[in-house]
Each structure stands twice: as structure tokens, then as C-alpha cells.
Amino acid sequence: MATAANRLWSSYANGFIQILGLTILYAVITDNKEKNKIFLTWLFTTLWLVGSVWWLYIAMHQFGGLHPVLTVVALLLLCGGLASYYTATVYVLISTYRYIPKIGRAWVFAACWTFAELARAQWWTGFPWAAIGYAQVDTSLSLAAPWLGVYGVGFLSAVISALLWEYQGKIKIILIFSLPMALYPIINSTLTAEVKDTDISVTLLQGNIKQDEKFNIARQEAVKWYLTELKANESTLVVMPETAIPYIKEELPKEFWTVLRESTELENKVAIIGIPTKDELKGYGNSAIGIGFNQELQYDKYHLVPFGEFTPNILRWFTRLMNVDFGDFNKGDINQALFHWNGQRMAMTICYEDLFGEDLAVRFKEEENAPTLFVNISNIGWFGDTSVVGQHVDIARMRSLEFKRPTLRATNSGGTAIIAANGEIVSQLSPYVRGKLTGHIPATQKEITFFARWAGKWGLMPLWILTSCVMLSALLIKRFNLFSESVK
């Protein structure tokens with residue numbers, strides 16, 4: 001298992017580099033000589049977002065069939081549009097920083113940035129991929145995750161970035177911020193007590209079926225491999241990835257389900273299977289089916305992917321340009337029943353649903369029935385051999401940190417992993433290979449984290465209110481000139 005220190009310096013996202021980048025942006029914003037602050041802010045955030053989600057090009061062009069030029073334009077429009085959130089909010093600091101003391105400027109900058117992160121997370125269905133808090137998963141700022149969540153971690157990161165520039169000439173200030181972050185991986189590895197895993201064995205399957213063949217020539221191959229592995233498996237819990245069975249559930253013969261049930265019930269084990277479903281009234285669903293439980297369980301994906309699983313009518317012309325217009329999927333409920341088994345209460349998520357910690361927090365409202373384990377099934381095959389695998393693993397690690405719950409991830413092509421409740425990777429399967437990852441379910445924490453409590457009741461509204469109040473205060477300070485003269 002890789003140590004936290006190794007991951008910090010080898011991961012695609014580095015907490016120190018993230019802070020350095022934001023410090024440079026802050027320096028530009030507060031430079032009295034720089035006249036193009038608005039444009040440079042937009043350019044910075046656009047390039048940052050392109051660097052974070054460039055792999056969408058593969059999904060749209062290679063698998064979607066969209067012309068390369070149109071793909072680049074679509075990617076730039078997406079990232080440029082999302083960057084406008086940051087440009088609009090950071091303008092509050094640009095227009096008021098001369099009237100605010102140094103410590104106050106840092107708070108205003110963090111509020112502006114976090115408000116934009118929240119907008120990106122929740123407006124127009126939400127696309128919060130690569131929020132800056134995820135870069136801190138291996139630094140001391142991650143200790144704030146169970147209290148403030150990933151956006152709270154990002155807020156602290158932005159505060160530090162601004163203060164480092166404001167107090168750049170004072171080495172003590174820099175050391176106060178830098179040393180705890182730098183030493184955290186070492187301290188964490190020595191102080192973290194060994195927590196014994198449960199005695200529940202688990203196998204996570206990774207078929208590595210090619211995306212462009214999955215729903216045609218490789219369909220039977222996929223079914224055969226997963227069924228063979230299920231029958232041969234000796235673990236008590238088997239998890240297959242998203243759409244592992246590339247057929248509509250209702251179109252498969254009854255004999256198929258008989259074989260599945262016999263493979264689980266006769267050997268006293270359970271399986272979670274990713275498969276598309278169809279309901280006569282609701283339509284299609286991206287689902288996870290539980291076999292071997294007291295009854296057949298089903299989870300339908302709640303947070304659907306825009307343009308992949310649903311498309312607004314006004315934008316259907318765009319999906320018609322590609323070869324992947326499957327039509328709209330049915331949206332499941334936000335608080336669906338957990339998968340109860342062997343003392344575990346499993347909260348399911350499919351694909352990028354685990355980006356939305358506020359949605360998971362809803363399942364912690366009833367403390368006595370709160371999840372003890374997160375199970376995420378994903379495909380990932382849409383995006384090739386890219387940084388998306390490491391990004392998604394860090395997202396899952398942040399969810400475990402926020403809620404102090406272990407996570408099991410079964411993917412088609414990469415990121416299959418067992419993650420402990422403290423966010424540490426217990427074991428991980430190499431990406432882009434066909435194989436299985438065996439182990440035991442890590443121990444969970446019985447207590448409900450502070451983040452789970454407030455986010456379960458109010459969602460992200462407390463952060464919306466905090467950031468709005470800070471920005472409004474900055475505008476009021478400037479409007480009424482609450483300081484006798486501009487702050488130097």
C-alpha cells in the first residue's frame with residue numbers, strides 16, 4: 001500500500017502545487033498595476049478546468065464520434081462557461097480589496113472562490129469535478145473534511161493561498177502554514193492506529209471491456225466472464241461495475257437470473273451487479289441489482305450525467321451530432337433504501353454520483369439507520385488511460401474522510417479499490433487490466449461526523465450563506481467606507 005507521503009508527491013493532484021497556483025492568481029488579482037484582472041482570472045480558471053477534465057475529449061470524439069474541431073469547441077465552451085462563475089465572484093474581491101485589511105482579503109477571496117465552486121456543484125445539474133479541496137486529500141487540511149466537507153477544505157486552502165501572498169515577507173507565517181501540511185503524511189503514518197478489517201470477505205471485479213465493443217461484439221464475452229468469476233469466487237460479497245452486464249435486465253432470459261441466484265444463495269454469498277433496467281412506467285434506469293439478499297434489491301442512479309444519460313430538449317441537437325444518444329434514463333430517488341446485509345448498511349452510488357457528498361449526507365438523517373459502508377460502481381471506460389482514474393479514487397477517498405465510512409469501488413477499467421474510513425487506500429487493482437481485487441471490508445466508525453449532521457439537514461446551504469455574507473460584507477465595507485481610508 002502506497003504511503004501518504006508517496007501519494008502526495010506522485011499523485012496527479014498535489015496540495016502544495018494547488019495552493020501555489022491559487023496564490024499566483026491572488027497575486028494577479030491584487031496587483032495594482034495589472035489592468036486585465038477579469039480576463040486573466042477567466043483564463044486561469046478555464047485552463048485549470050481544461051487541464052482537469054480534458055479527458056472528456058475522448059468520450060465525445062473517440063466514442064461519441066463528434067468531429068475533433070467540434071469536440072474542442074464543446075470542451076472550451078464547457079470549461080469557459082464554468083470559469084465565468086469564478087470570474088463573476090472574484091470580481092467582488094477585485095473591486096473591494098483596497099478597502100479591506102489583509103486578513104479580511106483572504107476571507108473574501110476564499111468566499112468568492114468557494115461560492116463559485118458551490119455554483120459549479122449545484123447549478124445546471126452540477127459538475128463539481130476537480131474542486132480544489134480534493135487536492136488536499138493527502139495533506140493536513142484533510143483533517144477538516146469530517147467537519148467542513150470538501151468545499152470547506154477548499155475554503156481553507158484558498159485562505160492559506162491568499163495569506164501566503166499577503167504575508168510573503170514574513171517567513172514565520174509561511175512556516176506556520178507549510179510545516180503542518182508537509183509533515184502531515186509522516187505524522188499520519190506514525191500516529192494512525194491500525195484498525196482491523198471486518199471478517200467479511202469481498203471481491204471486486206474489473207472486466208476491462210472495451211467501451212466501443214461493450215454493447216455489441218463484446219456483450220457475450222462480458223456476461224460470460226462475470227458469471228464465471230461469480231461462480232468461482234469464494235468471497236461472501238462480490239461487486240461488479242456499472243453496466244457490467246451490457247443487456248437490459250428485463251431482456252435477459254429467466255435462466256440467467258436462476259443461475260445468478262443459485263451462484264449466491266447456495267453458497268451463502270451476495271452479489272451487486274451493474275446493469276441497465278427498464279420500467280414500463282418510468283423508463284430506463286442505470287441500476288445496481290443486489291442478488292442473494294433476503295430479496296432482490298435495486299438501486300437506480302439518482303444523479304444522471306448530462307448529455308450521457310439525459311439531455312434537455314433545447315440541447316438535443318448536440319447529442320444528435322454524436323453516436324451515443326441512448327435517450328433519457330429514469331432518475332432514482334435521492335434517499336433510496338440501503339442494501340442491508342450481515343450487519344452492513346450499504347449506500348450505493350453509480351459513476352460520478354460519489355462527487356456529491358451532500359446527496360450522501362441525506363442518508364445519514366436517521367442515525368440508527370445510517371450507512372456503514374459506501375459502494376461505488378463505475379465504468380470509466382469512456383475516458384481512456386488518463387488522469388480520470390486517480391481523480392475518481394481521490395474523490396472516493398474524500399467521501400470516506402467526510403463521513404468516516406469505508407468505500408468499495410468496482411470499476412470496468414480502473415480505480416477498483418478498497419478504501420478505509422480514514423481515506424487510506426487499503427488495496428487497489430492496477431488499471432486497464434482484467435482482474436479481481438480480494439480483501440475484507442474495512443472497519444467503519446459508528447459516530448456520525450459533524451459534516452454528515454449539518455449537510456444531512458441543510459445540504460450545502462450553510463456554505464452558501466457563509467460565502468454570500470462574506471462577499472456582501474466586502475461590498476458594504478466599500479460602499480459605506482467603513483475604514484477611514486483605503487487599506488494599504
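Leu205 of β1 sits across from Lys436 of β12 in this predicted model, where local features need pLDDT of at least 70, side-chain atom pairs count only at pLDDT 80 or more, and totals for chains, interfaces and linings use all residues. Residues are numbered from 1 along each chain as its sequence is written, and side-chain values use heavy atoms, with hydrogens and water left out. Helices (H or I, at least four residues) and strands (E, at least two) are DSSP runs, numbered from the N terminus.

The two strands in question, β1 and β12 (residues 435–440), run antiparallel and are joined by 6 bridges; pairing here takes at least two DSSP bridges between the strands. β1 also has a parallel partner, β2 (residues 237–239), with 3 bridges between them. In that pairing, Leu204 is placed opposite Val239. To get from β1 to β2, the chain goes through helix α9 (residues 219–232), making a right-handed β-α-β crossover. Right-handed here means that, with the strands pointing away from the viewer, the path from the first strand over the helix to the second runs clockwise.

What about the cover over β1 itself? Of the 6 residues in β1 (residues 201–206), 6 are buried, that is, under 20% relative accessible area, with exposed meaning over 50% and partly exposed in between (1.4 Å probe, protein chains only). Both faces of the strand are covered: Ser201, Thr203 and Leu205 are buried on one side, and Val202, Leu204 and Gln206 on the other. The loop between β1 and α9 holds Asn208, which has a positive phi of about 50 degrees despite not being a glycine. Asn208 is partly exposed, at 26% relative accessible area.

A second positive phi outside glycine turns up at Trp124, near 55 degrees. Trp124 belongs to the loop between α6 (102–122) and α7 (145–166), and at 76% relative accessible area it is exposed. The helix before it, α6, has 21 residues and spans 31 Å from first C-alpha to last, close to the 30 Å expected at 1.5 Å a residue; the expected span is 1.5 Å times one less than the number of residues. α6 is largely enclosed by the rest of the structure, because 17 of its 21 residues are buried.

On to the nonpolar cores, each a set of buried Ala, Val, Leu, Ile, Met, Phe, Trp, Tyr and Cys residues joined through side-chain atoms within 4.5 Å. The largest has 114 residues, and the members touching the most others are Trp129, Leu237, Ile272 and Leu408. α6 gives this core its largest share, 12 residues. Beyond four places in sequence, the contacts of Trp129 (heavy atoms within 4.5 Å) include Ser52, Val53, Trp55, Arg120, Tyr352 and His392. Apart from the largest core lies another, of 19 residues, with Leu205, Tyr226, Phe256 and Ile291 among them.

Finally, Ser157 is part of helix α7, and it counts as buried because its relative accessibility is 0%. Its side chain makes a polar contact of 2.6 Å with that of Gln18. Such a contact is a pair of N or O atoms within 3.5 Å; within protein, one must be able to donate a hydrogen and the other to accept it, and residues adjacent in sequence count only if both atoms are side-chain atoms. Leaving out residues up to four places away in sequence, Ser157 touches Gln18, Ile19, Ile132, Gln136 and Leu141.
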